[in-house]
Amino acid sequence: MTKIAVGSDVEAYCTKCRMVLAHSVIAMQGAKPRRVRCNTCSGEHNYRATKPVAKAPPKKAEKAAKSTTKKTRQSWEEVMQEASARPHKKYSMSGSFGEGDWIEHATFGLGCVQSFIPPNKITVRFADSVRMLVCNRT
Ligand SMILES: [Zn+2]
């Protein structure tokens, strides 16, 4: 192992070139380089052996996205809970429903009517998906 001193060439991460390149040591701190000059861009900066682990921002974004998804699901569950406490109609093909009505479907469970499509269809948001159902059937 060669001894590093001022003037030595070392591999360091260049903050300007944004890659590990050959640098000349211009200041030492104990046995380690403190400041280096990039041989490529001639920029002087503190010695950094490797590329800084800059995974924090994407990780943070991912976490934020996750919590947003969770929040949406939670709020939907909350809405469901609220709705189940309120009166709601039992779904049947002969029933008549309007936007904002809460219905209970024998198979899909509780859902909220999103829209009425004349003359006899409704789209209903259930916990897992939005479904189109028939109504007003005589
Ligand atoms: Zn550089």
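The following exercises, each with a worked solution, concern a zinc site, a nonpolar core and salt bridges in a predicted model.

Local features require pLDDT of at least 70 and side-chain atom pairs count only at pLDDT 80 or more, whereas totals for chains, interfaces and linings use all residues. Residues are numbered from 1 along each chain as its sequence is written, and side-chain values use heavy atoms, with hydrogens and water left out.

**Exercise 1. Determine which residues coordinate the zinc ion, and the geometry of the site.**

Step 1. Donors are N, O and S atoms within 2.8 Å of the metal (3.2 Å for Na, K and Ca); water is not among the atoms, so sites may look incomplete. The SG atoms of Cys14, Cys17, Cys38 and Cys41 coordinate the zinc ion, at 2.2 to 2.4 Å.

Step 2. Four donors count as tetrahedral if all angles lie between 85 and 135 degrees. The angles among the four donor atoms here are 104 to 116°, and the site is tetrahedral.

Step 3. Along the sequence, the donor residues follow the spacing C-x2-C-x20-C-x2-C.

Step 4. Buried means under 20% relative accessible area, exposed over 50%, and partly exposed in between (1.4 Å probe, protein chains only). Cysteine 38 is buried because its relative accessibility is 1%, while cysteine 41, at 33%, is partly exposed.

**Exercise 2. Identify the residues of the largest nonpolar core and the strand that gives the most to this core.**

Step 1. A nonpolar core is a set of buried Ala, Val, Leu, Ile, Met, Phe, Trp, Tyr and Cys residues joined through side-chain atoms within 4.5 Å. The largest has 10 residues: Tyr91, Phe97, Ile103, Val113, Ile122, Val124, Phe126, Leu133, Val134 and Cys135.

Step 2. Strands are DSSP runs (E, at least two residues), numbered from the N terminus. Strands S8 (121-126) and S9 (130-134) each supply at least two residues of this core. S8 gives the most, with three residues.

**Exercise 3. Describe the salt bridges of lysine 89 and lysine 90.**

Step 1. A salt bridge is a side-chain nitrogen of Lys or Arg within 4 Å of a carboxyl oxygen of Asp or Glu. By this rule there are four salt bridges.

Step 2. Lysine 89 pairs with aspartate 101, their closest N and O atoms being 3.0 Å apart. This pair links distant parts of the chain, 12 residues apart: lysine 89 lies in strand S5 (residues 89-90), and aspartate 101 in the loop between S5 and strand S6 (102-105).

Step 3. Lysine 90 forms a salt bridge with glutamate 104 (3.8 Å, N to O). Here strand S5 holds lysine 90 and strand S6 holds glutamate 104, 14 residues apart.

Step 4. Lysine 90 is exposed because its relative accessible area is 63%; glutamate 104, at 31%, is partly exposed.

Methods: Tetrahedral: all angles 85-135°; square planar, octahedral: opposite > 155°, others 65-115°. Helix = DSSP H or I, 4+ residues; strand = E, 2+ residues; numbered from the N terminus.
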